[in-house]
Amino acid sequence: MTDLATPVFEATATKRRPKTFDELAGQEFVVSTLKNSLQSGKIAHAYLFSGPRGCGKTSAARILARSVNCEKSLEEAPCGICDNCKSLGQGASMDLIEIDGASNRGIDDVRKIKDEVLFPPQTGRYKVYIIDEVHMLSKDAFNALLKTIEEPPPYVVFIFATTEIHKVPATIKSRCQQFNFRLISIEIILEILKKICDENGINAEESALFWIAKESTGSLRDAFTLFDQVVSFCGDNIREEQIRQKLGLAGLEKINFLAEACAANDTSAAFSQVDALLESGAAIEQLVIDLAGYFRNMLLLKNGISRESILGYRVDQFSVKVLETFDSIRLEQALEIFLTCYRDIRYSVSPRFEFETAISKLAWLNQWVSPQELKTAIEEARYVLQAQGATVVNNRNPDNMPANKPSGNYANRHYSQSEKPSLSGEFRKMLAEKNKQATQEAEENDDAPAWSGHINNVQDNEQAPPEVAASETAPVDRLLKIIPGTVINQ
Ligand SMILES: [Zn+2]
C-alpha cells in the first residue's frame, strides 16, 4: 500500500493525446477551419501553428499529417484504422518527419530537409514535415527554408509550430496558413479531468480538480502532469486538503483569514497567522503569489467581475469582510504591495523579512492615503479656506494668482454665503490634526535656518522671508508638507 505501488496514471498527457480533430479540446476555431479546408480538398503547402505551450499544436499537426495521408475520404479522415493512419500513429511512417527546431537550428539541418524533399512519399499521398519550435531556427536556416517552402514539390506539406510567433520572420509567416491556438479554459480542463476520473474509478473532490485546472493556466499538458503528480500521492481518492498539505499550499480559507486580520488592523493576529502558515510548510514565494492572486481577484470582484473561470474560485469563497473594508484604490495598492514583494524577495537578505513587511503594510492599508486622494483633499481645503475668507495663493498655477491682490475679503468676492462648501467630518478632523502637527513642527524648527540667505546675511532684513506672504500661504503649505509621506494618521 505504498505510493510507489500505484503508478496507474503515469503520463496521462501521452495517453490522452487527441487522435482526431474532434478530440482536440478548446480549439474550436482552428478545428473547424482545418476540417473545412480538408473537406474541400484545399491542402496548403505550409501551415504555421502558434500559441502557448501545451494547448494542442503538436497534436493538431499530427492529426493533420494523418488526415492528409488517410486512405479514407478526407471527410472521414483520419480514420485511425487504415494502414497509413496506423503507421503514422505509431511513428513508424517514413512520410512523417518530426524535427525539433531547438536542436536542429542550423543551416545544415535545413539543407538536409531540402535534399530529402526531392524524394516522394513512400505510402501516403503527402510527405509531412513537422518542425516544432520553429522560431529557434537561425537566420540562415530560415533563409534556406524560405526557398524550399516557396516552391516545394507538390507532395510536401510543412507544419511549423511555435510558442513565439513574433520571432518567426514575416517572410516565412506570409507563406504559411496561420492558426492561432488559444489557452484552454478552466471549465474545459475541469470537464476533461472529471472524465478521466470517471473512466478510471478515481474519486475526486471537485474543488481539488478545480485547483489543478486553475494551476495549469490554460495548458492541458500541464494539467495532466499535475494530475499525475496528485494521483501519485493521493491515489484513488483526491482531496483538496491532501493536495495542500503535500504541496505546502495555504488554501483560500487561510488566505482569507490572514487578509481579514489585516483588514481589521490586527497586525499581531496577521503575524501569528504568517508564522503558522510558514510553520505548516508553506513557501514564502508561494504565499506572496497567492496573496497577489487574492487581491487581484478582490479587485475584479469589486469591479463586478465574478466569473469563476477568471477568479479561480467561487465568489462565495471570498471574504466579504475584506471586500467591504478595502475600496478599489486600496485593493490595487494591496496587489501592488505583493507584486513588489515578489520582485524584492529575490534580492533580499531575508525573504521572510520582505514578506512580513508586506503583511505589516497590508495591516494598515485602510489608513493609507493615495496621492490622488491627497490631491483632492488639498483642492477641497483650498476651496474651503477661500470660502471662509482666507487668501490662498496657488503657487503652482499662475492663472490662479491674482495680478493685483485685492486687500480685504478676497475670497468672498467669488463665493456667496449659500455656495460655501462644507467639509466631511473626517476630513475636518484630519485637517485640524495635520495643521496642529505642522504648527508644532514649525515651532520646533524655529531656531533652524529656514533658508540660506538668512544664514549668510543675518543682518540683512530685506532678505528674510516676508512674514505676511508666509502667513497667507501657510494653510496650503502645511498640507503640501504631507505629500511626500502620503501616509496620514500613522
Ligand atoms: Zn485512415
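# Briefing: helix 9 and the parallel sheet

Helix 9 is followed by Thr217, a residue with a positive phi, near 40°. The model is predicted. Two regions are treated below: helix 9 with its packing partners, and an open sheet of five strands in parallel pairing.

**Helix 9 and its surroundings**

- Helix 9 spans residues 206-215, and its buried residues are Ala208, Leu209, Phe210, Trp211, Ile212 and Ala213.
- These buried residues pack against three helices, namely helix 8 (186-199), helix 10 (220-234) and helix 11 (240-247), and against strand 6 (203-204) and strand 7 (237-238).

**The contact of helix 9 with helix 10**

- Two packed helices are described by the angle between their axes and the distance between the axes.
- For helix 9 and helix 10 the angle is about 140°, and the axes lie 8 Å apart.
- Helix 9 is therefore oblique to helix 10.
- The crossing of helix 9 and helix 10 is right-handed.
- On the side of helix 9, the contact involves Ile212, Ala213 and Glu215; on the side of helix 10, it involves Ala223, Leu226, Phe227 and Val230.
- Of the residues in this contact, six are nonpolar, one is charged and none is polar.

**Architecture of the sheet**

- The strand order in the open sheet is 2-3-4-1-5, with parallel pairing.
- Strand 2 (96-100) and strand 5 (177-180) are the edge strands; each has a single partner strand, so one side of each is left without a neighbour in the sheet.
- On average, neighbouring strands of the sheet are turned by 15° against each other, direction ignored.

**Strand pairs and the helix on the sheet**

- Five bridges link strand 1 (residues 46-50) to strand 4 (residues 156-162) in the parallel sense.
- Within this pair, Ala46 has Phe158 of strand 4 as its bridge partner.
- Helix 3 (residues 57-69) packs on the sheet and touches strand 1, strand 2, strand 3 (127-132) and strand 4.
- The direction of helix 3 makes about 170° with that of strand 4.
- Strand 2 and strand 3 are likewise joined in the parallel sense, over five bridges.
- Leu96 stands opposite Val128 of strand 3.

**Burial of strand 3**

- Six of the six residues of strand 3 are buried, so this strand is largely enclosed by the rest of the structure.
- Both faces of strand 3 are covered, with Lys127, Tyr129 and Ile131 buried on one side.
- Val128, Ile130 and Asp132 are buried on the other side of strand 3.

Note on methods: Residues numbered from 1 in each chain as written. Predicted model: local features only at pLDDT ≥ 70, side-chain atom pairs only at ≥ 80, totals over all residues. Pairing = 2+ DSSP bridges. Helix = DSSP H or I, 4+ residues; strand = E, 2+ residues; numbered from the N terminus. Axes fitted to C-alpha atoms, helices over the stretch in contact; angles between N-to-C directions. Contact = placed C-beta atoms within 7 Å. Buried ≥ 20, exposed ≤ 12 C-beta atoms within 10 Å, placed from the backbone. Parallel < 35°, antiparallel > 145°, perpendicular 65-115°, else oblique. Left-handed = near helix turned anticlockwise from the far one by under 90°. Nonpolar A, V, L, I, M, F, W, Y, C, P; charged D, E, K, R; others polar.
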